[in-house]
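Student: Please take a close look at the aromatic pairs in this model and the strands that carry them. I would like one connected account, with the geometry and the burial of the rings.

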Amino acid sequence: MSCTVGIELERSITTSLDTREVYSLLADVARSGSFFPKVERLEGRGNGVWHWVMEKIAIGDHVLQQTFYTCRYASAPEQLTVTWKPCSEDGDNAIVEGSWHITTEDGK
């Protein structure tokens, strides 16, 4: 039996770093992914494709679930955006997509 749960998140973060520095970090999936909690491993598959394997969720000796998904990332330096969309991979059990939009405090 399968189940679909849709979750939408929108967050903003303010930093004193230069927008290009922030973009450089977020466009580097391996580097930025290392800051995400509960990531067991992040595997580069080439051509902007990354496979995420999250830590197992367990209670005592029982493993309930491990989430894994694959996305293709695209960076647009002129717009200071990074987007990711799901790729079909055998065995993936989650579908994830999203984007980073970097702006200055005045919205530019």
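Tutor: Strand β1 (residues 39-46) runs antiparallel to β2, and 6 bridges join the two. One of the residues involved is V39, whose bridge partner in β2 is M54. The two strands form a hairpin with 2 residues between them. In that turn, N47 has a positive phi of about 55°. The model is a predicted one, and the values below are computed from it.

Strand β2 also carries one ring of an aromatic pair. The count of such pairs comes to 4. In one of them, the ring centres of W52 and Y69 are 6.0 Å apart and the planes meet at 10°; the angle is under the 30 degrees that marks a stacked pair, so this pair is stacked. W52 sits in strand β2 (residues 49-54) and Y69 in strand β5 (residues 68-76), so the pair links distant parts of the chain, 17 residues apart. Both rings belong to buried residues: W52 has a relative accessible area of 4%, and Y69 has a relative accessibility of 12%. The limit for buried is under 20%, so each value qualifies. The W52 and Y69 rings are also part of one aromatic cluster, which includes F36.

Another aromatic pair is made by W84 and W100, with 5.9 Å from centre to centre and 55° between the planes. That angle is neither under 30 degrees nor over 60, so the pair counts as tilted. W84 belongs to strand β6 (residues 81-86) and W100 to strand β7 (residues 98-101). The pair therefore ties together parts that are 16 residues apart in sequence. W84 is buried, at a relative accessible area of 14%. W100 is partly exposed, because its relative accessibility of 28% falls between the 20% and 50% limits.

A residue outside these pairs can be set beside them. L64 lies in strand β4 (residues 62-65). L64 has a relative accessible area of 52%, which is over 50%, so this residue is exposed. With neighbours within four places in sequence left aside, L64 is in contact with I57, A58 and I59.

To return to the rings: W52 and Y69 are stacked and buried, while W84 and W100 are tilted, with W84 buried and W100 partly exposed.

Note on methods. Residues are numbered from 1 along each chain as its sequence is written. This is a predicted model: local features need pLDDT of at least 70, side-chain atom pairs count only at pLDDT 80 or more; totals for chains, interfaces and linings use all residues. Side-chain values use heavy atoms; hydrogens and water are left out. Rings of Phe, Tyr and Trp (its six-membered ring) pair if their centres lie within 6.5 Å; planes under 30 degrees apart count as stacked, over 60 as edge-to-face and the rest as tilted. Helices (H or I, at least four residues) and strands (E, at least two) are DSSP runs, numbered from the N terminus. Buried means under 20% relative accessible area, exposed over 50%, partly exposed in between (1.4 Å probe, protein chains only). Two strands pair if DSSP finds at least two bridges between them. Contact means heavy atoms within 4.5 Å.
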